[in-house]
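Good morning. I have one structure to go through today, so please have the sequence and the model open while I talk.

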Amino acid sequence: MDFFSTENLSISFGGVKALQSLGMNIEKGEIRGLIGPNGAGKTTVINLITRVYNPTGGAISFEGINLLKSKPHQISQAGICRTFQNLEIFKSMSVLDNVMVGRHIHLGGSMVDSILNLGRAKREEKRGIEKAHEILSSLNLDDYADSPASSLPFGKVRLLELGRALASEPKLLLLDEPGAGMNAEEIKALDTFIRKMRDQLGITILLVEHVLSLVMEISDQITVLDYGVKIAEGSAKEIQSNPKVVEAYLGSEE
Amino acid sequence: MKRWIMIGFLVGLVFSIPWMAIAAKVPGVTDKEIVIGNINPLTGGAASSGIGQLNGFQLAVEEINAAGGIHGRKIKVVPLDSECNPTKGVAAVRKLIGEGAFAVTGEYCSGVAIAINPIFEKEEVPMVYSGCVTSKIVYPMLKWVFHGQGSSNLRDLSWGTAKFFVEKLGAKKIAFVYQANELGENELENTREALKKMYNMEFAVALPYNMGDSDFTAQVTKAKDAGADLMHVGGLVREGLLIVRQARELGYKGKITGGTGLSTGGFFEAIGDFGIGMVLQDTAPKYEIFDIENPMVKYVKEQSIKRYGTGPGRPNHKNLTGYYSMKVVGEALRRAGKDLTRDKFRKALETMYNVDIGIGNPVTFSPWDHEAVHSLALYVIATGGVPLKLDFECTVSEENLPVPHFPKPEMYPKGITRSPLADIPKLK
Amino acid sequence: MDILQLILKSLSYGSIYALVGLGLVLIFRATDVLNFGQGQLFTMGAYFLVTFWYMCKIPYALAFLMSIVGTALLGFVMERVACRPLLKAPVMNSIIATFMTGIVIYNAIQLIWGAEVRHVSPIISNKPISAGKIIFTAQDIWIVAITGFFILLVYLFLQFTKLGVAFRATSMNKQASSLMGVSVKKVFSLSWVMSGILAAVAGVLLAPVLMIEVGMGWVAIKGFAAGIVGGFSIPGTIIGGFLLAAVENIFGVYVSVAFKEMVSFLMILAVLLIKPSGLLGIEVKKRV
Amino acid sequence: MSQKIMNKVFVTAVLVLLFALPFLIEKSYTMYILNLVGIYAIMTVGLNIVLGYTGQISIVNAGFMGIGAYITALSIVKLGIPIYVALPMAGILTAGIGIIIGFPALRLGSHYLAMATLACNQAIQLIMIHWKSVTMGAAGVSLSSVNIGPIALNSNHRLYFLVIPIALILIYLYANIIKSKLGRSLIAVRDSEIAAQSMGVSLAKYKTTAFAISGFYAGIGGGLFALVIGYVSPESFGLNESVLHLAVLVIGGTATLPGPILGSIFFVIAPELFHWMVEYKVLVFSLISLIFIIFMPGGIYGLVKSGVPGWTFKRILKKA
């Protein structure tokens with residue numbers, strides 16, 4: 001049984017085929033890079049996995065369960081979490097609360113409990129906050145914990161998204177261009193952090209990224225999309241030497 | 001710092017309230033003045049009638065004060081706005097009582113009247129209504145509540161009109177179009193009861209409509225389908241006008257009559273030839289609204305023009321109801337004597353039997369009945385929307401009234417007593 | 001037979017709703033603001049007419065023109081007060097702002113003109129004409145005609161004038177059109193002025209039909225419903241208005257008079273839930 | 001730390017003040033006004049949860065309030081149910097209706113939701129008017145004084161001791177809701193539906209919950225309203241009332257904890273200060289609210305927070 005797999009997954013918007021019969025298997029503990037020129041349908045893949053879009057055809061299965069059967073908000077229960085290319089943080093909340101929302105599925109207790117702030121809800125809230133602080137300090141965001149998320153500098157916001165996703169303790173993490181708008185050493189930090197997530201937390205990662213250097217460096221396997229079609233798959237070396245890929249990138253003004 | 005500003009804000013506002021009034025021993029009575037509250041719709045759709053009443057009321061007060069007040073006390077009027085909204089009305093009455101008004105008067109809107117009624121009974125404050133006509137204010141009779149506007153409430157009006165429908169207009173099938181509010185429903189119930197009791201007759205169809213609607217095709221069509229030969233239109237002026245006109249536009253040929261809400265100057269101007277032959281009820285002192293020759297009507301009209309100017313709804317024939325009700329209150333205050341209490345005032349009102357207060361019908365209250373006048377006036381609209389008084393004398397026969405008017409006539413003086421207030425000098 | 005009669009009458013009332021609703025639709029399309037003060041704007045139109053024509057004895061045509069100018073001006077002011085300052089504020093602020101402006105106008109009218117019902121004599125006879133079993137009045141036809149005329153006018157304006165094009169562009173996509181050099185602010189004022197004009201036209205022409213009174217603005221809620229049912233498109237509003245009137249009347253006659261107006265609200269709900277874009281409507285911009 | 005102490009000081013100060021008031025004030029009308037403040041605080045606090053924090057526009061609050069008021073009044077008058085059962089019942093049933101009315105929120109956003117809820121409000125009012133057999137029609141229901149066991153709630157002073165404690169409890173719960181997981185999820189839904197979803201927050205569940213909560217609060221508020229006014233009729237629960245609730249919220253400060261409370265204080269007490277300008281008072285009040293909405297979107301709380309009086313004028317200058 002595959003850890004995660006899609007079979008001829010397809011979707012089209014108003015006749016435009018954004019993704020055509022994508023088949024992709026990801027092993028547990030793997031870091032998978034997903035690259036391709038603009039409009040290749042990278043983010044679409046993530047939106048399909050997280051059920052933001054309904055595929056026109058195909059199947060997605062994760063640890064044997066059929067994801068197409070579950071609702072968008074059940075994906076994270078299944079153990080898949082994502083970050084967003086154009087940041088979707090909760091601006092009006094504090095940094096800590098953002099992470100706490102990430103904890104959502106792990107905070108038990110009935111609604112009444114949480115309204116009255118009693119019993120299980122209270123305990124788990126407490127534990128949740130500790131956990132959140134751990135995550136923040138691991139991203140060295142802890143000094144910002146209580147400041148509003150909207151006040152964070154750009155690079156930090158990406159980290160916050162990462163932290164929020166981590167808080168849900170995913171088995172599979174979908175990173176949508178986490179490196180965008182980061183400078184060299186921030187990328188470096190990100191690189192090490194992604195590795196850490198995989199090695200220490202054992203999280204499988206699907207990395208959609210423009211910054212090829214990053215992808216090439218950390219991905220075990222790389223899938224290349226062009227105009228919604230998978231044109232290549234393999235290790236960094238194979239990809240770099242794959243003419244199709246080169247052509248694809250030549251074709252577009254990257 | 002911020003928090004202290006907030007505390008300041010809270011405390012400030014909360015404590016600013018108590019300074020909005022002054023208390024008195026017998027509420028509202030000092031040896032210099034008597035405070036009378038007047039609640040009326042001064043804003044909103046019914047404003048012109050409300051303001052009209054208030055102005056008439058103030059006119060009578062001015063007159064009385066000019067003549068030296070009552071037992072040396074000047075009358076002070078505290079007007080409050082009910083916005084013709086029950087909630088606001090309750091608030092206003094609570095405020096008046098809280099600020100120590102000796103008695104409360106006014107209120108044109110029936111919907112507000114039934115909302116505020118229980119308060120007077122609970123707080124034991126006398127209330128003399130004028131303008132509102134729902135029969136619920138006096139039946140069942142409440143100890144502290146009186147209706148003194150110079151013509152009767154919807155019970156008598158409906159019984160009288162029902163009689164007129166059948167006996168004078170020979171109606172066989174009556175369509176009753178009414179606004180879905182207290183006024184409309186109260187008239188509906190009373191008319192239904194009257195028709196049942198007097199002629200064992202049912203409405204051909206009863207059709208409610210909602211305030212603010214402007215398409216009454218459905219109502220008219222249903223009335224036509226029911227084969228109505230008489231359509232009675234309740235509610236207020238705008239809707240009334242539209243219904244009458246749309247009825248004619250849709251080729252309704254039968255007779256049309258109108259409820260009390262329609263009898264204002266604006267209606268006659270607007271209705272024009274569509275109104276010809278239309279019969280309307282009237283709530284102002286009997287026979288006097290459009291009786292231009294009547295000296296009192298002339299006088300009230302001139303004075304209110306002099307004081308409040310002319311304009312939309314000014315002068316307003318509701319000036320007369322206001323004026324009338326203050327005269328009633330004044331006479332009762334006079335009868336209550338020098339050391340005035342609310343209870344004495346109430347009892348004084350109940351001693352009034354056939355008292356001529358110088359305008360309209362003589363007033364009669366009794367411990368059994370708090371309706372000042374038990375008759376109504378009807379008039380018909382002639383060409384160009386000119387109303388003509390109908391000579392239809394209708395007092396509801398005793399057995400049809402929930403309470404007998406005068407169980408012990410011998411305990412009352414014979415004939416009509418003229419109130420001294422009727423003869424105090426008129427204002428220049 | 002009744003049905004036919006009802007539908008015929010509904011044509012004229014439907015076009016009343018459409019005419020009143022049109023102003024709302026224009027504003028909503030251009031500025032994404034629901035103008036809860038539209039009813040009062042429309043009432044002002046009527047009162048201007050009363051003032052100029054009856055009080056100042058100015059000839060009808062001129063008085064008409066003056067009331068249009070007056071109301072358009074008011075619309076312009078309203079945009080500055082209740083719309084422009086709140087572009088960035090949450091939706092409900094603009095809802096409240098327009099509503100409060102409405103209340104202000106309502107009370108101002110009352111203080112200036114009083115609450116008495118005014119009336120202006122109809123320009124077209126409303127004596128019943130009967131063709132077979134069907135009864136109608138010249139006024140019915142007149143109302144339908146003018147409504148058609150003005151809606152055509154608006155349509156032509158939007159289709160064939162530079163401003164109109166700018167307007168349509170803005171209503172589709174603000175950023176894009178502002179990038180393309182369309183002055184969005186200008187379009188905003190324009191839409192409010194236009195709806196002011198429409199309100200005046202409606203007010204003046206419907207004055208004899210609806211009776212002039214502070215409360216006459218209530219009919220705007222029907223125009224509003226017409227707009228929703230029509231999906232805030234200009235032709236849609238006409239159909240919406242007519243549908244509303246017809247359904248209300250037929251329901252009123254054959255089911256229940258009391259709940260007649262209930263139908264219009266149920267219709268709103270149904271349309272919003274089943275086909276939020278309305279019958280032949282623009283796409284719903286759902287905030288995600 | 002010092003902030004914490006200040007909080008405690010502030011809260012205790014307010015509580016003491018609230019408890020002392022009925023003993024300091026003997027005027028019944030003043031107590032009536034205070035009761036109204038409490039009631040509006042309850043209703044707008046609920047509204048703040050659905051509208052302020054969840055960002056779902058609801059123009060049906062007066063409808064909820066009315067349902068609560070009717071349930072309370074009718075169950076006391078017609079069925080003779082004791083108040084301490086009737087009131088919670090009003091809250092719970094209204095919450096149920098809130099859930100139903102919340103469903104459009106799952107499909108509709110911003111204006112379209114506003115329209116839908118507005119339609120619901122109108123429909124509710126029509127039902128109140130025309131479902132005579134149950135609601136007693138436009139004539140309304142009047143409540144003569146109600147008893148809790150031996151105590152008769154026949155004065156505003158006594159009602160104060162019913163209204164204000166309930167208000168305080170509900171406000172305390174509201175503060176909890178905002179801080180709890182529930183509140184966080186609601187805000188998350190408002191800030192970014194898509195992100196909230198991907199974090200496992202069910203839009204359906206939390207949107208309907210928000211409406212249910214506002215329904216509950218408005219229901220209780222309405223019930224108390226019925227007791228304090230002593231009379232319930234459809235006129236009181238129209239579109240205007242609903243929009244006024246929004247106004248209260250915006251004037252106080254949307255999506256802020258004390259906002260609705262400050263708003264209610266202003267909304268109830270300000271008109272009292274205008275009473276002397278009889279015919280002009282509505283005009284003046286709506287003008288003032290308009291100024292608030294346009295120049296101080298932060299509301300009173302925003303004003304207090306910024307603390308600088310000059311602030312507003314700067315704003316006005318900027319706008320003009």
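**Chain contacts and one sheet**

I will start with the interface of chains C and D. In this predicted model, 36 residues of chain C and 34 residues of chain D make up the contact. On the chain C side, two helices, α4 (91–113) and α11 (260–274), each give at least two residues to the surface that touches chain D. Which of these has the largest share? That is α4(C), with 14 residues. By class, the chain C side divides into 29 nonpolar, 3 polar and 4 charged residues.

How does this pair rank? There are 4 pairs of chains in contact, and chains C and D share the most contacts among them.

Chain D also meets chain A. Here the contact takes 31 residues from chain A and 20 residues from chain D. Several elements of chain A supply at least two residues each to the side that touches chain D: the helices α2 (75–78), α3 (95–102), α4 (111–116) and α5 (119–138), along with the strand β6 (80–82). The chain A side has 15 nonpolar, 10 polar and 6 charged residues.

Now the pairs without a contact. Chain A and chain B are not joined by any contact, and their closest C-alpha atoms lie 19 Å apart. Chain A and chain C are not joined by a contact either, with their closest C-alpha atoms 11 Å apart.

Next, the inside of chain A. This chain has an open sheet of 6 strands with mixed pairing, in the order β6-β7-β8-β3-β9-β10. Why do β6 and β10 (229–234) of chain A each have one side without a neighbour in the sheet? They stand at the edges and each has a single partner strand, so nothing in the sheet flanks the other side. On average, neighbouring strands of this sheet are turned by 15° against each other, with direction ignored.

Take one pair from that order. Strand β3 (residues 31–35) and strand β9 (residues 221–226), both of chain A, pair in the parallel sense over 4 bridges. For A:L34, the bridge partner in β9(A) is A:T223.

What packs on this sheet? Helix α1 (residues 42–49) of chain A does, and it touches β3, β6, β7 (172–176), β8 (204–208) and β9 of chain A. The direction of α1 makes about 145° with that of β7(A).

One element to keep in mind is β6 of chain A. This strand stands at an edge of the sheet, and it also supplies at least two residues of the side of chain A that touches chain D.

Technical notes: Residues are numbered from 1 along each chain as its sequence is written. Chains are lettered from A and ligands numbered from 1 in the order in which they are written. This is a predicted model: local features need pLDDT of at least 70, side-chain atom pairs count only at pLDDT 80 or more; totals for chains, interfaces and linings use all residues. Two residues are in contact if their C-beta atoms, placed from the backbone, lie within 7 Å. Ala, Val, Leu, Ile, Met, Phe, Trp, Tyr, Cys and Pro count as nonpolar, Asp, Glu, Lys and Arg as charged, and the others, Gly among them, as polar. Two strands pair if DSSP finds at least two bridges between them. Axes are lines fitted to C-alpha atoms, for helices over the stretch in contact, and angles run from 0 to 180 degrees between N-to-C directions.
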